[in-house]
Amino acid sequence: GLCYFKGQYHAFFQHNPHAPKWDTMHWGHAVSKDLIHWTETDIALYPDMEYENKGGCFSGSAIGKDGKLHLFYTSVSHRLGQTQSMAASTDGVHFDKYMGNPIIPRAPFVAEGGFTKDFRDPKVIEAFGRYYMVCGTCRDGVGQVLLYTSDDLIGWQYLGVAYASDRFGGTPECP
């Protein structure tokens, strides 16, 4: 996720602090005042909750609201699989995870008896006085981008499939 908050650009990225390979993911964090010179800061998100105990904290996005920087990310656990979670910060350095995580516990069709292990990479924007989120998933071999809306960044309502295609493989990454 890339965003502007309190006079700095913030770049967040999937990161393994233990080795240059895939493993339990964290969120790295770098800041810049000019988008040219960057300083890497402390890790923003650690996989330290039960809902992150399998794969960690996958990709997502960030957005400012009411003096807070909100991070939206895919949390991955043994029990729940891939879910969407949120953390927030008032200073852009220290992030507190939302006590009600995950904010979206599964793709909507899983509740209808469908199955997918892939449900990830939330991208959140503000438009027309509301917040919108897209997430990538796959259903019956067809890649889909799901659309959600919210008034407060916590309660999310599923609106439907924004895009679907089998032309590009399975789950769309970082829609």
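The legends below describe close-up views of a predicted model.

**View 1. The whole chain is built from strands without helices.** The protein has twelve strands and zero helices. From the N terminus on, the elements run β-β-β-β-β-β-β-β-β-β-β-β. The radius of gyration is 16 Å, close to the 16 Å that the globule rule gives for 175 residues, so the protein is as compact as a globular protein of that length. Along the principal axes, the C-alpha atoms fill a box of roughly 45 × 40 × 35 Å.

**View 2. Burial, contacts and surface of the protein.** Of the 175 residues, 47% are buried. Among contacts with a separation of 6 or more, 45% join residues 24 or more positions apart. The exposed area is about 9200 Å², and carbon and sulfur atoms supply 53% of that area. The protein carries 15 positive and 19 negative charges, and the mean positions of these two sets are 3 Å apart.

**View 3. An open sheet is formed by β5, β6, β7 and β8.** The four strands are arranged in the order β5-β6-β7-β8, with antiparallel pairing. Strands β5 (56-65) and β8 (96-97) stand at the edges; each has a single partner strand, so one side of each is left without a neighbour in the sheet.

**View 4. The pairing of β7 with β8.** Strand β7 covers residues 81-89 and pairs with β8 in the antiparallel sense over two bridges. Within this part of the sheet, Ala 87 stands opposite Lys 97 of β8.

**View 5. A cis peptide bond precedes Pro 102.** The bond from Asn 101 to Pro 102 is cis, and its omega is near -5°. Pro 102 is found in the loop between β8 and β9, the latter spanning residues 119-127.

**View 6. Phe 128 has a positive phi.** Phi of this residue is near 60°, a positive value in a residue other than glycine. Phe 128 lies in the loop between β9 and β10 (130-139). Is the residue buried or exposed? The relative accessible area of Phe 128 is 82%, and the cut-off for exposed is over 50%, so Phe 128 is exposed.

**View 7. Leu 153 also has a positive phi.** Leu 153 is not a glycine, yet its phi is about 70°. The residue is placed in the loop between β11 (142-150) and β12 (157-165). Buried means under 20% relative accessible area; Leu 153 is at 0% and therefore counts as buried. Of the two residues shown in these last views, Phe 128 is exposed, whereas Leu 153 is buried.

Note on methods. Residues numbered from 1 in each chain as written. Predicted model: local features only at pLDDT ≥ 70, side-chain atom pairs only at ≥ 80, totals over all residues. Heavy atoms only, no water. Pairing = 2+ DSSP bridges. Rg over C-alpha atoms; globule rule 2.2 N^0.38 Å. Buried < 20%, exposed > 50% of the residue type's maximum accessible area, 1.4 Å probe, protein only. Contact = heavy atoms within 4.5 Å. Areas by Shrake-Rupley, 256 points an atom, 1.4 Å probe, with all protein chains shown as cover. Lys, Arg positive; Asp, Glu negative; His and termini not counted. Charge placed at Lys NZ, Arg CZ, Asp CG, Glu CD.
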